[in-house]
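Please look over the sequence and the fold together before reading on, and keep both at hand while you follow the text.

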Amino acid sequence: YEKSSQIDFVDGVKGELFKKKYPSDSQFFNAIKTFQLYNKKSSETIKKAKFLLGRLDGFQNKEPVNVNNSDITIEHVMPQNLTPEWKKMLGDDWQTIQKTLCNTIGNLTLSGDNQKLARLEFFKKKILQESSLRLNRYFANLSRSYRIIGVI
């Protein structure tokens, strides 16, 4: 291929994506932070969330997680129903934080131990540290000094 035909091809793809109103990288990055991925009232969104989390866990992994396994469920790191401990940890604006972040990809993971995790305080969810799922390796290195909630 000639360099000019490659540029024409790339510009053509960009143009088609723009026509279909696909977001730019920066628009996507900003929107994914608060996009409500999970909705307990919709089995379709639950399936999509499990699929996406499974794909993320299996990214560049020769042994992807089987999201069709009924033992693997979606776990909310920050629970859907907050305990007094969670409210205290989140601070005065806990209602806004929970409403904004509870069902986003940053608060969801996969687990085979959902019942044990339920509404545990963040740092008591140690079982996630022992998970074989790659998504949960993140929890192995956290300490109490870690700031949980970033800027929304």
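The paragraphs below go from the first helix and the loop after it to the paired strands and then to the nonpolar cores.

This is a predicted model, in which local features need pLDDT of at least 70 and side-chain atom pairs count only at pLDDT 80 or more, while totals for chains, interfaces and linings use all residues. Residues are numbered from 1 along each chain as its sequence is written, and side-chain values use heavy atoms, with hydrogens and water left out.

Helices and strands are DSSP runs numbered from the N terminus, a helix being H or I over at least four residues and a strand E over at least two. Within helix α1, E16 and K19 are three residues apart and therefore separated by about one helical turn. Their side chains form a salt bridge, with the closest N and O atoms 3.1 Å apart; the term stands for a side-chain nitrogen of Lys or Arg within 4 Å of a carboxyl oxygen of Asp or Glu, and by this rule the count comes to one. E16 is partly exposed at 40% relative accessibility, whereas K19 is exposed at 60%, where buried means under 20% relative accessible area, exposed over 50% and partly exposed in between, for a 1.4 Å probe and protein chains only.

L17, also found in helix α1, is partly exposed at 37%. Together with F9, V10, V13 and Y22, L17 makes a nonpolar surface patch of about 480 Å²; such a patch joins nonpolar side chains (Val, Leu, Ile, Met, Phe, Trp, Tyr) within 5 Å, taken from residues with over 30% relative accessible area and no salt bridge.

The loop between α1 (3-19) and α2 (25-32) holds K21. Most residues other than glycine have a negative phi, yet K21, which is not a glycine, has a positive phi of about 65°. K21 is exposed, at 72% relative accessibility.

Further along, strands β1 (residues 73-76) and β2 run antiparallel and are joined by four bridges, pairing being assigned if DSSP finds at least two bridges. I74 stands opposite L110 in β2. Strand β2 (residues 108-111) is covered on both faces, with L108 and L110 buried on one side and T109 and S111 buried on the other.

A nonpolar core is a set of buried Ala, Val, Leu, Ile, Met, Phe, Trp, Tyr and Cys residues joined through side-chain atoms within 4.5 Å. The largest has 12 residues, among them V77, W86, I97, F122 and F139, and α4 (84-90) and α5 (94-101) each supply at least two residues of this core. A second, separate core of 11 residues includes L37, V67, I72 and L108.

Key. Patch = residues over 30% accessible without salt bridge, like charges linked within 9 Å, V, L, I, M, F, W, Y side chains within 5 Å. Areas by Shrake-Rupley, 256 points an atom, 1.4 Å probe, with all protein chains shown as cover.
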